Amino acid sequence: MDAVSEYSIFERSEWMDIHAVFITMYSRNVLKQRQHEFCPLIIVRIMLSRLLTYSLFGIEANPVEVEVDISPGALPKTILVGLAEAAARESTFRVERALVNSGYVKPSDRIVINLSPADLPKESASFDLPIALGLLCASNQLHSDKFEDYASVGELALDGQLRPVRGILAMTLEAKKQGLQGILVPVSNAQEAAVVEGIDIISVGSIAEAVGFLTDQVPILPVNFNWKEARTELGTYNIDYSDVKGQELAKRALTVAAAGNHHLLMLGSPGTGKTLLAQRLSTILPELSIEESLETTQIYSAVGRLSSQQSLLMTRPFRSPHHTISEPGLVGGGSTPSPGEISLAHNGVLFLDELPEFNRKTLEVLRQPLEENYVTISRVLGTAKFPASVMLVAAMNPCPCGYQGDPKRRCQCSPNQVERYRSRISGPLLDRIDIHIEVPPVPFRELSTLADGTNSSQMKEEVVKAREVQKARFQSESIKVNGKMSPPQIRILCKLTSDAEFLLKSAMESMGLSARAHDKILRISRTIADLDESPDITAVHLSEAINYRTLDRTYVT
């Protein structure tokens, strides 16, 4: 039977509370073929629209289909289904006033809005725009053939203007993965979305502008992104190691740590410059690659940490949480998983100042992420996986008063107090830190000199050179830096000269070093040799590496 596509035919026996117009069997030609039947039929006009959008879970975007159905009802009613949380449930009120205030007519029938899949939690206001467009389409106020090729995302103000949303980068990446032609985003999010190549980013400022584009009445060109300009504008640091007077030995240790991506612990009295040294570590690390930049930006975008002027992270992040931070704050958590400080420091530096003051249980949760470079948060509604490839830098005083070993101030702490203070840091966590150095007070003559010390540019040049050597060495491996070498790789890649082997044997016996400390010394030695452009590890390289194990030499009893 040839039926008009916008009509659906129901038998009276199937009719369940459907408000429609009764017609006879002979009222339409399309029904004449059923003259032998003696039951009347019901014609129901289908007003249904489907649009594509995305829901954020953790830092990943999941595809969502917005279905809007309008059917005649005795009383106007809007029903939103599909596991919508508070922000999404309230969208119906925002959408209603935004449509009216933009000059459109709000349907006065029964409206059912379904966010599919139904078992996926939706808690963002980013569904406002697709719901509004779906209502216009289902009520015959909008006709467009672009809905299959374009997704839409955005929060609506009551006047119909679009406001930015979180996680737009992840949503754009998912849209590209799905093979869509483009995505409609708020103006404030356009530059962030435009960093994804191979998909059209349509920047719209209001619902009227979105309708104009979808109906081809308002031509809108895709937004372009210039990586070169972004690196020039956003890829510079306003701090430098030239700001730090003295501490040349500490700068050397930081260069070694940055070259091999070794975790670092600094010990020293208050005011010796430990924090200044740590804050500038990002300035000597290699520039972020495009992939690293997108990974890091996706995390910051998901938690709403990107400023309106910053569409992309082009500098390595530096995070310094306070010692009162909780476990979820450090590694991530929440009923809906959200990344913590270790993930916000992904591809950058996580600095823990006053390390013994952190809660011991809080520090213990770092052990697995430091080994595996990611965090997994499991909840009833799903499991989120956050990247956490960081360079850990920690600082601590040598004792509770802070002046043990200080040449000018006398320590007031008893041996028991010192031992309790250091025991706040567990051995397994210390085992994951390769380099331990002392940061002594800076003499007055170095503070008062007008000559600049080693600057970030000089240190970065050495780091980049050593990283290139490691890149060639590990080109067929999953790791890229010496700090991640496994014991089998250490045995193959860390070849010692005869003098170096004798020195390592003597150090192991005299200092009582563990097998783990043995491997860490070899990793550091390999990095020092790379900085020296030496294929073999000599006694000079090994001696410097041993000096970077302060806790093994001095503080372990």
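The exercises below, each with a worked solution, concern a predicted model.

**Exercise 1.** Work out how the rings of Tyr150 and Phe213 are arranged, and where in the chain these two residues lie.

Solution. Begin with the count for the whole structure, which holds three aromatic pairs. For Tyr150 and Phe213, the ring centres are 5.3 Å apart and the planes stand at 80°. Rings pair if their centres lie within 6.5 Å, and planes over 60 degrees apart count as edge-to-face, so the pair of Tyr150 and Phe213 is edge-to-face. Next, place the two residues: Tyr150 belongs to strand β8 (residues 150-152) and Phe213 to helix α6 (residues 207-214), so that the pair, whose members are 63 residues apart, links distant parts of the chain. Finally, consider exposure, and find that both Tyr150 and Phe213 are buried.

**Exercise 2.** Describe the second largest cavity by its volume, its lining and the classes of its lining residues.

Solution. The structure holds two cavities of 30 Å³ or more, and the second largest of them has a volume of about 40 Å³. Its lining includes Tyr150, the residue already met in the aromatic pair with Phe213, and also Leu51, Leu52 and Phe147, among others. Turning to the elements, β4 (47-57) and β8 are those that give two or more residues to this lining, and β8 gives the most, with three residues. By class, the lining has eight nonpolar residues, one polar residue and no charged residues.

**Exercise 3.** Describe the largest pocket in the same steps.

Solution. The volume of the largest pocket is about 1200 Å³. Its lining is made up of 40 residues, and those nearest the centre of the pocket are Asn261, Ser389, Lys480, Val481 and Lys484. The elements that give two or more residues to this lining are α10 (290-302), α14 (367-372), α18 (456-473) and α21 (515-531). Sorted by class, the lining has eleven nonpolar, twelve polar and 17 charged residues.

**Exercise 4.** Find which residues have the most contacts inside the largest nonpolar core, and which helix gives the most to this core.

Solution. As background, nonpolar side chains tend to be buried together in soluble globular proteins. Here the largest nonpolar core has 65 residues, and Tyr54, Leu265, Leu352 and Leu366 have the most contacts inside it. Helix α4 (residues 168-177) gives the most to this core, with five residues. Apart from this core lies another, of 48 residues, which includes Tyr241, Ala250, Phe351 and Met459.

How values were computed
Residues numbered from 1 in each chain as written. Predicted model: local features only at pLDDT ≥ 70, side-chain atom pairs only at ≥ 80, totals over all residues. Heavy atoms only, no water. 1 Å grid on protein atoms, 1.4 Å probe; cavity = no way out; pocket = protein on both sides within 12 Å on 5 of 7 lines; lining within 4 Å. Points joined across faces, edges and corners; volume = space filled by probe spheres on them. Helix = DSSP H or I, 4+ residues; strand = E, 2+ residues; numbered from the N terminus. Nonpolar A, V, L, I, M, F, W, Y, C, P; charged D, E, K, R; others polar. Phe/Tyr/Trp six-rings, centres within 6.5 Å; stacked < 30°, edge-to-face > 60°. Buried < 20%, exposed > 50% of the residue type's maximum accessible area, 1.4 Å probe, protein only. Core = buried A, V, L, I, M, F, W, Y, C linked by side-chain atoms within 4.5 Å.
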